[in-house]
Amino acid sequence: MLAERGAALGVRVRVADAEEDAQTRERLRAAFRRGDLDTWGYGDAYAVAAADPLHILRDARSVICVAIPYARPTPQRRARGSGRVSKYAWSRDYHARVRAVLNDIARHLDAAVGGTVTALACDTAPVAERARAARSGLAWIGKHTNAIAPELGSYVFLGEIFCSLPLTPDAPLKTHCGSCRRCVDVCPTGALRGDYTIDATRCIADLTQRVDAIPRELRALLGDWIWGCDLCQDICPPTVRAGARGDAAFDPFEEELAAPDLQELLSLRSGTYKRRYRPTAMGWRGAAVLRRNAAIGLGNSLDRAAIPALARALAEDPHPLVRGAAAWALGRIGGSAARGHLERARANEREATVLEEIALASKSALPGVEGATE
Ligand code: B12
Ligand code: SF4
Ligand code: SF4
């Protein structure tokens, strides 16, 4: 019944036992000790809970793991001056769709046994979702740390139905990456170590959602990504072979969202933010974070045409995070015009963090320092 319901919904379903997974608990602990998830505030209690399904459902006997493919074709031609958004974030927020799928399967199961035997989780609950998916044979874990489902690739969202019935578990897969290292080599920030672990504090997906300043030494490595990053998956052979398996629910919420114009995004105000971005998975950190990311993208474009917009943001943006990033971007583009704007802003700025950005940017904007050519 589960497999048929899954097929009718266009998703893949497998069953894992609900045993505590000591190996995953220790992997999580080791990751937290290394500081890999420092931006997430996870601690020992999270590692213990995430490895044990009884923390979600006290009498859980099995976990139904679900993979929902979401890859849609990436728009082929992007205009000059546009940024990039990861596939997972450009559509209407995926959480609602995953919950609807999980609800549907759970309702069928409850109806079949005449009572409530299930609890649901997706993303936000303390569950090591990839590890449970691997245990159920739904997917295997790649060196980019994503779960890869046979024929579907890694562009799948994961969700779980915790169930008090002792369903027959499926067997884990034996697949692994072998000698392939493509994802490790393509990662611009060196976040992937190649041993199936990641320093998430260096991952662009993490950096673009930070509400504090992005570490200076990593900003140039962000390129034109303004939310998330797909590089390690776009190059992954099983994911490439799978192609675009998602349905139309995962198309861009608005056409521009896959590749927003960076100058327009730099001046994003609350009305447009609420209408265009809030309904998506990049709509939970606020408009200033997106404006900050746009400023960094414009700096990385090394395009002199962006200087007036960056100068305006430096002089007028209400948020110091954005003014600081605009200063950095002007320093990165460099040249006399950028230097002039930095000097004028220095005279009017009162915020210490922004003044520090201006001072550093002024130095890097000096002639002879790498940047755009005059
Ligand atoms: C925190 C988080 C992040 C952080 C940290 C990511 C990370 N790799 O840990 C950041 C912000 C960087 C992030 C990024 C992304 N995320 Co995220 N994220 C999460 C979240 C909330 C927790 C993950 C976590 O606990 N990480 C700690 C690490 C140590 O554990 P883990 O990766 O979950 O699992 C490890 C162990 O289980 C162990 N393991 C288990 N079995 C086995 C077997 C073997 C043989 C080996 C070697 C290891 C191993 O290895 C796993 C990989 O290290 C989950 C939701 C959830 N509740 O699980 C979503 C989740 C992992 N994210 C998801 C997505 C879609 C993404 C992005 C693709 C979005 C994007 N394009 O920008 C990127 C992918 C970047 C990447 N290379 O990982 C999906 C992943 C789906 C999938 N197919 O794997 C999840 C499951 C959400 C969901 N419900 O769909 N994410
Ligand atoms: S999502 Fe991007 S930054 Fe993060 S590990 Fe993959 S390639 Fe590296
Ligand atoms: S790119 Fe290669 S090494 Fe990386 S996850 Fe895919 S198969 Fe594994």
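Which helices each supply at least two residues of the shell around ligand 2? In this predicted model, the helices in question are α7 (204–207) and α9 (231–234). The shell around ligand 2 consists of His144, Cys187, Thr189, Ala191, Leu192, Ile198, Cys203, Ile204, Ala205, Cys229, Leu231 and Cys232. Sorted by class, ten of these residues are nonpolar and two are polar, and no charged residue is present.

Ligand 3 has a shell of another composition. It is surrounded by Gly142, Lys143, His144, Cys177, Cys180, Arg181, Arg182, Cys183, Ile235, Cys236 and Pro237. Of these residues, six are nonpolar, two polar and three charged. His144 is listed in the shell of ligand 2 and also in that of ligand 3.

The model further contains an open sheet of four strands, which follow one another in the order β1-β2-β7-β4 with antiparallel pairing. Its edges are formed by β1 (12–17) and β4 (118–121), each of which pairs on one side only. On average, and with direction ignored, neighbouring strands of the sheet are turned by 25° against each other. In general, the strands of a sheet pair through backbone hydrogen bonds, in either a parallel or an antiparallel manner.

Taken across the sheet, the pairings are as follows. Six bridges join β1 and β2 in the antiparallel sense, and Ser62 in β2 is the bridge partner of Asp17. Between β2 and β7 there are eight bridges, again antiparallel; here Pro69 stands opposite Val156 of β7. The pairing of β4 with β7 (residues 156–163) is antiparallel and comprises four bridges, with Ala119 placed opposite Phe162 in β7.

Strand β2 is largely enclosed by the rest of the structure, because eight of its eight residues are buried. Ser62, Ile64, Val66 and Ile68 point one way from the strand, while Val63, Cys65, Ala67 and Pro69 point the other way; all are buried.

Two helices lie across strands of this sheet. Helix α1 (residues 2–9) lies across β1 and β2 (62–69) and runs at about 145° to β1. Helix α4 (residues 94–113) lies across β1, β2, β4 and β7, and its direction makes an angle of about 35° with β7.

Helix α15 (residues 320–333) was examined for its length and its surroundings. At 1.5 Å a residue, its 14 residues should span 20 Å, and the end C-alpha atoms are indeed 20 Å apart, so the expected and computed values agree. Of the 14 residues, 13 are buried, and α15 is therefore largely enclosed by the rest of the structure. Just after the helix, Gly334 takes a positive phi of about 70°.

Within α15 lies Arg323. This residue has 26 C-beta neighbours inside 10 Å and therefore counts as buried, the criterion being 20 or more such neighbours. When neighbours within four places in sequence are left aside, Arg323 is in contact with Ala313, Leu314, Asp317 and Val354. The C-alpha atoms of Arg323 and Ala311 lie 9.0 Å apart in space, the two residues being twelve residues apart in sequence.

How values were computed
Residues numbered from 1 in each chain as written. Chains lettered and ligands numbered in written order. Predicted model: local features only at pLDDT ≥ 70, side-chain atom pairs only at ≥ 80, totals over all residues. Pairing = 2+ DSSP bridges. Axes fitted to C-alpha atoms, helices over the stretch in contact; angles between N-to-C directions. Contact = placed C-beta atoms within 7 Å. Near = placed C-beta within 6 Å. Nonpolar A, V, L, I, M, F, W, Y, C, P; charged D, E, K, R; others polar. Expected span 1.5 Å × (residues − 1). Buried ≥ 20, exposed ≤ 12 C-beta atoms within 10 Å, placed from the backbone.
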